[in-house]
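Work through the exercises below with the model open. Try each task before you read its solution.

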Amino acid sequence: MDSEVFYERKGSLGIIRINNPPVNALSQSVRRGILKGLDQALADVEVSSIGICCEGKTFIAGADIKEFGKPPEAPFLPEVTDAIEASRKPVVAMIHGTALGGGLEIALASHYRIASRDSKFGMPEVNLGLIPGAGGTQRLPRLIGVPLATNMIARSEKIDAVKALEVGLVDEVVDNDSLFAKGYDFAREVATKEHAHPLVSNRPIPDRESAHRWLANEEGDLERRSKGRKSPLRSLQAIRSSLDLPFDEGCAEERKIFLEMKDSKEHQGLTHAFLAEREAFRVSGLDYGKAKTIRSVAVIGAGTMGRGIAISFLDAGIPVRLFEIKSSALENGVEVICSHYDRMVSKGRLDVTEASKRKQQLSSTLEYTDLSDVDLVIEAAIENMEIKCSIFKELDRVCRLGTMLATNTSTLDLDQIAGATSRPEDVVGLHFFSPANIMRLLEVVSGKETSDVTKATAMTLAKRLRKVGVLVGNCYGFVGNRILYSRLPEALCLVAQGATPAQVDRVLTDFGFPMGQFAMSDLAGLDIGYNAREGRRKTGEHVPRTWLDELVEKGRLGQKSGEGVYRYEEGSRTPIEDNQVDQIIDDYRSAQGITPRVVTDSEILERCLYVMVNEAFKILDEGIAGREIDIDVVWNSGYGFPSYRGGLMFWAREMGLDRIFERVQAYCELDGGEQWKPAQGLEREVFGS
Ligand code: 3HC
């Protein structure tokens, strides 16, 4: 028997037990092992029923993602699910943890399903640019109806055990620690039943007429939402086959779509994005065994960032002490955090007991001395070096030795901040993204003297907060913002030369970004960038004035003032083009002696994205990012780069680095700006070292 799948007999029960850590994925040997186990159970006259279960933390979490891209090897999953369903002895799936994708398809092909109370069920294939490929789109609608099946398949929503029982996805739910004992009893009992064992494939689709109407509605909505992605709509097509075709023909149609999607760029991109996120944690030379445990945290600053950071820790079960210098700001911060939890309760997203537990874990103080006993302090004060340095001086004075000291700066020099303390080895950047309790990215910024223990502790902490931690080096804007800041001057220049802000934004959203450059600037507030530029101008740096500066000086600060690059109706966040802005841009062009020309969409795309790729290579050259995947993860999880394109660097390689280099060089000759000077790494990639 294959080592990932064991077969044993307990009395009249044949048990197929899968042990393929970490998530019991359906590798080729697991698929083969299940079939072998099934054969053994069927051949054994002593066996009257069969159980399929898993060791470790979960039931089967789906096809083996690490096999994607390799030549497929039989037996394929539909062969396994067909064999399970065809078994003349009843098969019972015993589920704990997460039954996902192919794992849920194995369960659906089984005659019965018994689940532990903590289990969850889902069909997340569309997250990998696929659709279920082993009968999932045909069996799930038959068992639980088209509306819920569509939510699970096309929108990849998971349901818990209680819901699964309510809708008939499972036959019984039992306490977590009694799954196997109860599962064995259940399996023996069903073997004594005289009627034929239920096959999901034989069931009629409930409420066929309204199911058709539901799918028609869903189609419009999914088309709008899945911009650029095909798999959600293709999964809908497969579900529709379950209404229109007999089961076998529906399965054939599903398989056809599955194989087509398996060949798609969308699948390659999303699989790369999935694996890159997990790879980001594996940093060469970093010993996670040395990471310290963070049991308590203090957050300095009760503004938007500080509150969001505090909620992230409370959600992860880590007590938070919130610090402010003014009592009114502190009270307001605590109130906003508490009302966040009250809202979660009223929306049914959190139960009252859990919400009050989290609120109780929050304490507040106006005194630095109250921060002496925490394991970590995160400073989330305003973006000002002087203020940050004075805070770190105080922290150095009051915090016990070994406390990790973090700053949430998004741009400032970490080494200078660390230099305000006598323990720069304990200082790290934890760059959260707003809203901090929702955004998944956490840039972990390492300074010149940040110790390996501090880095390992910060990366481990990111995992505990269920964030994607990416270790980056110290420079202005680190990885994410530095790349973003390389794009803004191009976007401004394209508009100065003849494009409209709306055209630039449309090209970027058509590419797959959730927002264009200018809508995003309006959201963040135009004054923020303006103040930073003015600050740099005051130090004597040459920062050219642009039409964006003109807008700010006319009081257009973005969404917060109702007018920025766009205008906004009262209470609305929808950007509307504004003639007044067109006029300001025209005046700017005249003053600069620019005759506007036609700017094509393809030029906009090239200039906005190739400049980012060039900057990314410079970041790699300088060692600010260790690997291309780190850049992909930062931009996918923090800046809305469409992950179905894999990531900025994955996409660049798909486009062809030689082509990008050629265009970078052309823009360098045309524009002469530093941003277009080809990165050495890019040049090396094209010409070899
Ligand atoms: N295949 C191979 N490895 C997998 C995997 C899979 N399906 N799912 C997760 N893993 C690996 C991860 O790469 C990671 O490996 P690492 O430790 O070496 O980095 C490890 O399992 C743990 O994963 P997470 O860090 O994500 O752990 P979590 O506990 O946070 O989450 C999970 C576990 C919910 C299972 C999550 O990993 C997940 O959602 N996995 C994807 C599941 C999925 O998409 N299944 C469908 C596959 S497609 C399919 O089944 C097609 C079929 O219809 C024919």
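Ala, Val, Leu, Ile, Met, Phe, Trp, Tyr, Cys and Pro count as nonpolar, Asp, Glu, Lys and Arg as charged, and the others, Gly among them, as polar. The model used here is predicted.

**Exercise 1. The cavity**

Find the cavity in the structure, list its lining, and sort the lining by class.

Solution.
- Step 1: count. There is one cavity of 30 Å³ or more.
- Step 2: size it. The volume of the largest cavity is about 40 Å³.
- Step 3: list the lining. The residues are Pro-501, Ala-502, Val-565, Tyr-566, Glu-577, Asp-578, Val-581 and Asp-582.
- Step 4: place them. Helix H19 (501–511) and helix H23 (579–592) are the elements that give two or more residues to this lining.
- Step 5: sort. The lining of the largest cavity has five nonpolar and three charged residues, and no polar ones.

**Exercise 2. Strand S2 and its partners**

Which strands pair with S2, and in which sense? Then decide how S2 is covered on its two faces.

Solution.
- Step 1: take strand S1 (residues 5–10). S1 pairs with S2 in the antiparallel sense, over six bridges. In this pairing, Glu-8 stands opposite Ile-15 of S2.
- Step 2: look at the connection. S1 and S2 form a hairpin, with two residues between them. Gly-11, in the turn, has a positive phi of about 60 degrees.
- Step 3: take S3. S2 and S3 pair in the parallel sense, again with six bridges. Ile-16 has Ile-52 in S3 as its bridge partner.
- Step 4: trace the crossover. S2, H1 and S3 make a β-α-β unit, and the unit is right-handed.
- Step 5: split the faces. In a regular strand the side chains alternate between the two faces of the sheet. On one side of S2 are Leu-13, Ile-15 and Arg-17. On the other are Gly-14, Ile-16 and Ile-18.
- Step 6: judge. Both faces are covered. Six of the six residues of S2 are buried.

**Exercise 3. Gln-40 and Gly-14**

How many residues separate Gln-40 and Gly-14 in sequence, and how far apart are they in space? Is Gln-40 buried or partly exposed?

Solution.
- Step 1: locate Gln-40. Its element is helix H1 (residues 28–43).
- Step 2: compare the distances. Gln-40 and Gly-14 are 26 residues apart in sequence. In space they are 8.4 Å apart, C-alpha to C-alpha.
- Step 3: check the accessibility. Gln-40 has a relative accessible area of 37%, so it is partly exposed.

**Exercise 4. Cysteines**

How many disulfides does the structure hold? Examine Cys-608 and Cys-668 in turn.

Solution.
- Step 1: search the whole structure. The count of disulfides is zero.
- Step 2: test Cys-608. Its nearest cysteine sulfur is that of Cys-493, 10 Å away, and Cys-608 is in no disulfide. Cys-608 is buried, because its relative accessibility is 0%.
- Step 3: test Cys-668. The closest cysteine sulfur is in Cys-493, 14 Å from that of Cys-668, so the gap is too far for a bond. Cys-668 is partly exposed, at a relative accessible area of 21%.

**Exercise 5. Backbone outliers to locate**

Where are the cis peptide bonds before Pro-75 and Pro-435? Then place Asn-24 and Ser-156, which have positive phi values.

Solution.
- Step 1: Pro-75. The bond from Ala-74 to Pro-75 is cis, with omega near 0 degrees. Pro-75 is in the loop between strand S3 (49–54) and helix H2 (77–86).
- Step 2: Pro-435. The bond from Ser-434 to Pro-435 is cis, with omega near -5 degrees. The loop that holds Pro-435 runs between strand S15 (427–432) and strand S16 (441–445).
- Step 3: Asn-24. Phi is near 55 degrees. Asn-24 sits in the loop between strand S2 (13–18) and H1. At a relative accessible area of 2%, Asn-24 is buried.
- Step 4: Ser-156. Phi is about 45 degrees, although Ser-156 is not a glycine. Its loop lies between helix H5 (146–154) and strand S8 (159–160). The cut-off for buried is under 20%. Ser-156 has 18% relative accessibility, so it counts as buried.

How values were computed:
Residues are numbered from 1 along each chain as its sequence is written. This is a predicted model: local features need pLDDT of at least 70, side-chain atom pairs count only at pLDDT 80 or more; totals for chains, interfaces and linings use all residues. Side-chain values use heavy atoms; hydrogens and water are left out. Helices (H or I, at least four residues) and strands (E, at least two) are DSSP runs, numbered from the N terminus. Buried means under 20% relative accessible area, exposed over 50%, partly exposed in between (1.4 Å probe, protein chains only). A disulfide is a pair of cysteine sulfur atoms within 2.5 Å. Two strands pair if DSSP finds at least two bridges between them. A crossover is right-handed if, with the strands pointing away from the viewer, the path from the first strand over the helix to the second runs clockwise. On a 1 Å grid over the protein atoms alone, a cavity is a set of points where a 1.4 Å probe fits but cannot get out, and a pocket is an open set with protein on both sides within 12 Å along at least five of seven lines; lining residues have an atom within 4 Å of a point. Grid points are joined across faces, edges and corners, and a volume is the space filled by probe spheres set on the points.
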